[in-house]
Structures are given as C-alpha cells and as structure tokens.
Amino acid sequence: MTDSPIVVEADRLSRRFGPIVAVNELSLTVARGEIFGLIGPDGAGKTTVLRLLAAVMPPSSGQARVLGFDIRHQAERIRQAIGYMPQKFSLYADLTVIENLNFFADLFNVRGARRHQRIAELLAFSRLAEFTERRAAALSGGMQKKLALACALIHNPQVIFLDEPTTGVDPISRREFWDILSSLHVQGATIIVSTPYMDEAERCSRVGLMYEGRIAECDTPDGLRRLTPGELLAVWTPQVMQARRIAAALPGVLEVQTYGDLLHVFVHDAAAIAPQLAQALAAAGVPVTEIKRAQPRVEEAFISLIVGRRAAT
Ligand SMILES: Nc1ncnc2c1ncn2[C@@H]1O[C@H](COP(=O)(O)OP(=O)(O)O)[C@@H](O)[C@H]1O
Ligand SMILES: [Mg+2]
C-alpha cells in the first residue's frame, strides 16, 4: 500500500462481453478522501467499472491501479485492502446478523479482541445492534443494505467501493445510508459509489456521469450544474404535453424536459422569456398553476449533456 494521494488511477480501461462494450476506454483518477459518485442509467457500465477496479474481473484492455496495486497482477492485494459491496451483495439469508458479520470476519481474518471491537463498532454505526439475532432474510431492504455495508467494512478498509447501495431502498433508508457514508468519509475513508439516482450526486465531492461505457463528464456537483446551458424556468400545469409544444416553439428556448405535471424550460434569459411563455400558454388556453425561475440540478445537466451529444451524432 502507498501513502500516495491518488487512490484510483485508471487508464483507458475497457471491458467487452462478446459484442457488447460495457466499459469503453475509461480513464479516471480518484484522490484520497473523496466521495466519488459514478452516476448513470441502467446499462451505463457502472457495475463493470467497479468490478474491474475491485479486481474481481480483468479488463479486456487498458490498466488501472488501486492503492498502487495493479488490477491485473495484484488482484489479491487489492481485494484484501479494499471494502467492496457488490450490487447483489451475497448476505447469507439463513444466517443472523451476527453470524453474517462473523462469517466475513473469518473471510478477512479479523480475529480475537479486534473482531469483537470491530463488530461492536459496526453494529453501532449501522444501528443494527438490536437485531443481532435476526436472520438476514427477515430484515427490511434498507437494513439488509446496512448489514451488507457492515460486512464489507469488517476489516476496516480505507477505500470502499459500493455498487448501487441505495437502489430499491425507500427514501428514508437512502438518506440514512448516505448519512452513514458521510460519517465514514469524515473518518477519512475514500468512497467510490455508484448510483442511478441523480439526486445523490449532491452528496458526492466529485461525480462522474456515466453513459454508454464512458464518463461523459466528471466534475464537482456545482461544476456539473454550471454545464447546464442557460437558465431554468419551472412551469406547473395540468396540460404538460401541450405546454411542452408551446414552450419548445418559443424563440430563446433551448430545451424542454417534463416531470409529471412539471415542465422544465431551459432558456437563454429567464427574466425575458417568463412573461412571453406565460402569455403564449394563456393564449393557447393552457392553464398554469405556477411559473418560476429554478436552480438547475445535476439531473438537468446530465440530460442536457446526453441530449446534446445525441443531437451532435
Ligand atoms: N457478465 C456479463 N455478460 C454480458 N453482458 C454484460 C455482463 N455484465 C454486464 N453486461 C452488459 O454490459 C453493459 C453494462 O452493464 P453494467 O456494468 O451492469 O451497467 P450498470 O451497472 O450501469 O447498469 C450492459 O449492456 C450489460 O448488459
Ligand atoms: Mg449496476
């Protein structure tokens, strides 16, 4: 292991499955102490990237180092040093919470007083101390994720790879899970976490937006928001599709996105366009509940980027 400030260094990593290019010449650097979010839709290649970096699967081409170890030639060193929570983490459903923790402690050779202390710490921070005798199968989805995380942290790794730890978990458990990640981060851990949820970008120090096997853009959440062209008007209306057509036809409108009964209209100049848009909607008889200027989110930045890229090809 090294004391280098660089924890992950990937250089043109690719992974193919037959004709499918899951990861396409991806380069990435993660520094010690970051919470790096790999964010993108299903099929973007997040799981494959994490498998390559966790050294559980070799790349088709390219190279990477994790904590200074080569993913091809020093896979075992990497697996011992890092914490890795795969997307489908295999807890033992028939084992209790404490039995699962003991199982992983055996696997990572954490023994004696150290084991005792580590399990007590993990039970406390994951708030599972009251449930030690419950079988994993009988835990809620959110608690299973927390147990999986606790198991992945049994050997106190300083670098943690988490693959979609909050997918399919209710919003409260998601928030709680992120609070746990934040406290690990405060304690000095480096975290690389994948998620399909754009709102989770806000909790990362840096984000890689993944699409079709590549990192389309990599920046801080603020930096990504600044990539969104122009300004944003939020329009609430019961007639979204009609409103969308009208907005899209208005000069000065860059792009329109819909979310249920909410319309996001990207414009060059919100102050100038807002009254024109209101007028055009009124003239067409489209009722508007509210229209106001809004702050673009990382989600909008991502969609704009992808739409822009598709238009360019
Ligand atoms: N073991 C595999 N065999 C064949 N195709 C795979 C395999 N793993 C992933 N893929 C394909 O690679 C692409 C990226 O998948 P994945 O890395 O799981 O993306 P994500 O985690 O972002 O959903 C998808 O098209 C997926 O179907
Ligand atoms: Mg995945």
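What follows is a short chat about a predicted model, covering a ligand shell, a helix pair and two domains.

Me: Why are α3 and α5 called roughly parallel?

Reply: Helix α3 (residues 97-107) and helix α5 (residues 141-152) pack at an angle of about 30°. Angles under 35 degrees count as roughly parallel, and α3 and α5 are therefore described that way. Their axes are 9 Å apart, and the crossing is right-handed.

Me: What makes up the contact of α3 with α5, by class?

Reply: From α3 come Val97, Asn100, Leu101 and Phe104, which meet Leu147, Ala150 and Cys151 of α5. Val, Leu, Phe, Ala and Cys count as nonpolar, while Asn falls among the polar ones. The contact therefore divides into six nonpolar, one polar and no charged residues.

Me: Happy with that. Now, how do you know which residues are around ligand 1?

Reply: A residue is taken as near when its C-beta atom, placed from the backbone, lies within 6 Å of the molecule. The residues around ligand 1 are Phe17, Ile20, Ala22, Gly40, Asp42, Gly43, Ala44, Gly45, Lys46, Thr47 and Thr48.

Me: What makes five of the shell residues polar?

Reply: Gly counts as polar here, so Gly40, Gly43 and Gly45 join Thr47 and Thr48 in that class. The shell also has four nonpolar and two charged residues.

Me: Which elements supply at least two residues of that shell?

Reply: They are β2 (20-31) and α1 (46-53), with the largest share, three residues, coming from α1.

Me: And how is the protein divided into domains?

Reply: There is domain 1 (6-225) and domain 2 (229-295), and 40 Å separate their centres, taken over C-alpha atoms.

Note on methods:
Residues are numbered from 1 along each chain as its sequence is written. Chains are lettered from A and ligands numbered from 1 in the order in which they are written. This is a predicted model: local features need pLDDT of at least 70, side-chain atom pairs count only at pLDDT 80 or more; totals for chains, interfaces and linings use all residues. Helices (H or I, at least four residues) and strands (E, at least two) are DSSP runs, numbered from the N terminus. Domain bounds come from an automatic or database domain assignment. Axes are lines fitted to C-alpha atoms, for helices over the stretch in contact, and angles run from 0 to 180 degrees between N-to-C directions. Angles under 35 degrees count as roughly parallel, over 145 as roughly antiparallel, 65 to 115 as roughly perpendicular and the rest as oblique. A crossing is left-handed if the near helix is turned anticlockwise from the far one by less than a right angle, and right-handed if clockwise. Two residues are in contact if their C-beta atoms, placed from the backbone, lie within 7 Å.
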